[in-house]
Amino acid sequence: MQIAHRLVRLRTGKDLSVTEVANLLEITRATVYRLERGNLDSLMKYLPGLARAYGCSEEFILLGYEPSDAGLSVSDVQSDYLSKLDSYRENEERMSREIRDLKEMNSVKAELITALQENLMHEREKLGMLSKKAND
């Protein structure tokens, strides 16, 4: 489960609204929504407050488990965290490429539509001229 989904589950599991979390952390609701939608740029800044609000450790928010419960060492946790971070970065890069490709395809489609519309306009003009000659 991704961190963003975990944040939503932790909040709803504590029966807290976005407004209540925002008030507890003294941040805007928009910031809470951004965190829960996966914009994690400022997560580290709010991590201690989120952990307190949700009654869990910071590690649980980041990793999805309590390292001490799993019998893991600090290096194990660090390794797992870095692995997940790499995975998130790879997903972000992949999604960025997909978005760029979609934008490019839409641009090509728009150009094609414009060219087809221009072609249609020219064909109509030709048809009009032929029709006018036929009537003369």
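Begin by selecting D80, which lies in helix α6. The model is a predicted one. With D80 highlighted, add L63: the C-alpha atoms of these two residues are separated by 7.8 Å, although their positions lie 17 residues apart along the chain as a sequence offset. Extend the selection to Y65, since D80 touches both L63 and Y65 once residues up to four places away in sequence are set aside.**The whole chain**

Now zoom out to the complete chain and colour it by secondary structure. The protein chain contains six helices and zero strands, and its pattern along the sequence reads α-α-α-α-α-α. Helix α6 runs through residues 74–135.

Turn the chain about its principal axes to view its overall dimensions. The C-alpha atoms fill a box of roughly 95 × 35 × 20 Å along those axes. The radius of gyration is 27 Å, whereas a compact globule of 136 residues would have a value near 14 Å.

Next, display the molecular surface. The protein chain exposes about 10,100 Å², and carbon and sulfur atoms supply 52% of that area. Buried residues make up 23% of the 136 residues. Among the contacts with a separation of 6 or more, 47% are accounted for by residues 24 or more positions apart.

**The largest pocket**

Select G38, N39, L40, Y88 and E92 together and centre the view on them. Of the 18 residues that line the largest pocket, these five lie nearest its centre. The volume of this pocket is about 510 Å³. Show helices α1 (3–13), α4 (43–54) and α6 (74–135) as ribbons, the elements that give two or more residues each to the lining. Which of the helices supplies the largest share of the lining? Helix α6 does, with seven residues.

Colouring the lining by residue class gives a further view of the pocket. The lining has 10 nonpolar residues, four polar residues and four charged residues.

**M44 in helix α4**

Move next to M44, which is found in helix α4. Draw a distance from its C-alpha atom to that of E58: the separation is 9.3 Å, for two residues 14 residues apart along the chain. Then show the side chains of L62 and Y81. Both are in contact with M44, leaving aside the neighbours of M44 within four places in sequence.

**E36 in helix α3**

Select E36 in helix α3, a helix that covers residues 29–36. Is this residue buried or exposed? E36 counts as buried because its relative accessibility is 12%, under the 20% cut-off for that class. To see the surroundings of E36, expand the selection to A4, L7, V8, R11, V18 and Y54. E36 touches each of these residues, with those up to four places away in sequence not counted.

**Two loop residues with positive phi**

The last stops concern backbone geometry. Most residues other than glycine have a negative phi. Select D15, in the loop between α1 and α2 (18–25). Its phi is near 55 degrees, a positive value in a residue other than glycine. D15 is exposed, with a relative accessible area of 67%.

Continue to E26, in the loop between α2 and α3. What is the phi of E26? The angle is near 55 degrees, again a positive value in a residue other than glycine. E26 is exposed as well, with a relative accessible area of 74%. Displaying the surface around each residue completes the tour.

Conventions: Residues numbered from 1 in each chain as written. Predicted model: local features only at pLDDT ≥ 70, side-chain atom pairs only at ≥ 80, totals over all residues. Heavy atoms only, no water. 1 Å grid on protein atoms, 1.4 Å probe; cavity = no way out; pocket = protein on both sides within 12 Å on 5 of 7 lines; lining within 4 Å. Points joined across faces, edges and corners; volume = space filled by probe spheres on them. Helix = DSSP H or I, 4+ residues; strand = E, 2+ residues; numbered from the N terminus. Nonpolar A, V, L, I, M, F, W, Y, C, P; charged D, E, K, R; others polar. Rg over C-alpha atoms; globule rule 2.2 N^0.38 Å. Buried < 20%, exposed > 50% of the residue type's maximum accessible area, 1.4 Å probe, protein only. Contact = heavy atoms within 4.5 Å. Areas by Shrake-Rupley, 256 points an atom, 1.4 Å probe, with all protein chains shown as cover.
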